[in-house]
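Trainee: Got a minute? I'd like to walk through this one with you.
Mentor: Sure, put it up.

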Amino acid sequence: MLAKIKHLILDMDGVLWHGETPVPGLVEFFDMLDQLKIGYVMATNNATKTADQYTSKLKGFGVDMAPERILTSAETTAAYLKSQYPPGSPVYVVGAKGLHDALEAREFEIVTAGEVARGARPPLVVLGFTPDAVYKDLAMAALLVDNGAAFVGTNPDPSVPTELGPLPGAGSLLAVITTSTGVQPQIIGKPEPIMFDHALKRLGSQKSDTAMVGDRLTTDIAGAKAAGLWAILVLSGISEPGEIQEAHYRPDFVFTNITELAAELALAVQN
């Protein structure tokens with residue numbers, strides 16, 4: 001069945017690297033995809049960086065990558081919200097540079113925590129992962145949501161894979177607001193369909209020949225299966241083998257890492 005796959009949507013954290021450390025065989029993996037003429041884009045729930053920052057990161061790992069191949073939940077969130085709100089709409093943001101830049105590029109007016117404390121009441125709160133969030137940032141978000149502001153999350157990932165192991169992610173920050181207000185956020189990134197739709201458009205591919213490669217059953221795999229894509233789980237990140245049988249959505253293929261995946265793709269093409 002692997003021979004049917006002509007395009008890949010690749011998660012990044014936990015699949016291609018852990019924090020600032022690339023997984024073994026990263027350069028060879030992309031060389032193999034190019035040799036096999038398998039198209040690919042990267043779709044990450046991580047909203048901390050811009051596409052250009054990710055290309056710089058990959059270049060540091062020895063991989064040259066065009067920014068157009070990289071789709072972040074920050075860009076997807078900003079593009080979606082632009083279709084829902086007029087230019088110049090004020091928004092309160094808890095997130096890193098990638099999310100701020102994506103929203104500003106689409107003409108949203110960023111409102112600060114200080115301005116909210118002084119009485120500003122933007123109608124929209126957007127939250128993505130940031131390691132720099134402090135109590136005031138989250139408190140002002142909760143204040144706005146409690147007063148009726150729309151509540152949007154770039155992604156629901158409760159943790160992020162790092163060299164130290166899993167650490168709290170965007171979902172953990174969203175939970176602070178939900179616990180305080182009782183309001184659930186609208187999620188834009190995986191496993192919701194919006195990001196998969198954007199990735200398919202960038203690839204120019206069909207669902208029947210496209211696979212999502214990820215390390216997390218609850219977002220990468222669940223989202224891919226719900227969207228009608230092939231689902232490939234690699235065990236180099238968050239999800240463990242013992243979780244597969246209990247998962248509501250199970251992967252079509254499971255590999256230890258991308259090196260094993262590349263080898264099996266090559267065998268499938270040869271056969």
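Mentor: One bit of wording before we start: Ala, Val, Leu, Ile, Met, Phe, Trp, Tyr, Cys and Pro count as nonpolar, Asp, Glu, Lys and Arg as charged, and the others, Gly among them, as polar. Also, this is a predicted model.
Trainee: Okay. By class, what's in the lining of the largest cavity?
Mentor: Seven charged residues, six polar and four nonpolar.
Trainee: Which residues are the closest to its centre?
Mentor: Of the 17 that line the largest cavity, those are Asp-13, Asn-45, Asn-46, Asp-157 and Arg-216. The space inside is about 150 Å³.
Trainee: And which elements each supply at least two residues of that lining?
Mentor: β10 (159-160) and α9 (217-227) each do.
Trainee: Switching to the sheet: what's the strand order?
Mentor: β5-β4-β1-β13-β14-β15, an open sheet of six strands with parallel pairing.
Trainee: Which strands stand at the edges?
Mentor: β5 (70-72) and β15 (253-255); each has a single partner strand, so one side of each has no neighbour in the sheet. From one strand to the next, the twist averages 25°.
Trainee: What packs on it, touching β4 and β5?
Mentor: Helix α2 (residues 51-60), whose direction makes about 125° with that of β5. Helix α10 (residues 258-270) lies across β1, β13, β14 and β15.
Trainee: Last one: at what angle do α3 and α8 pack?
Mentor: About 100°, with their axes 10 Å apart. That makes α3 roughly perpendicular to α8, because 65 to 115 degrees counts as such.
Trainee: Which residues meet there?
Mentor: From α3, Ser-73, Glu-75, Thr-76, Ala-79 and Tyr-80; from α8, Ile-194, Met-195, His-198 and Arg-202.

Definitions and conventions: Residues numbered from 1 in each chain as written. Predicted model: local features only at pLDDT ≥ 70, side-chain atom pairs only at ≥ 80, totals over all residues. Heavy atoms only, no water. 1 Å grid on protein atoms, 1.4 Å probe; cavity = no way out; pocket = protein on both sides within 12 Å on 5 of 7 lines; lining within 4 Å. Points joined across faces, edges and corners; volume = space filled by probe spheres on them. Helix = DSSP H or I, 4+ residues; strand = E, 2+ residues; numbered from the N terminus. Axes fitted to C-alpha atoms, helices over the stretch in contact; angles between N-to-C directions. Parallel < 35°, antiparallel > 145°, perpendicular 65-115°, else oblique. Contact = heavy atoms within 4.5 Å. Pairing = 2+ DSSP bridges.
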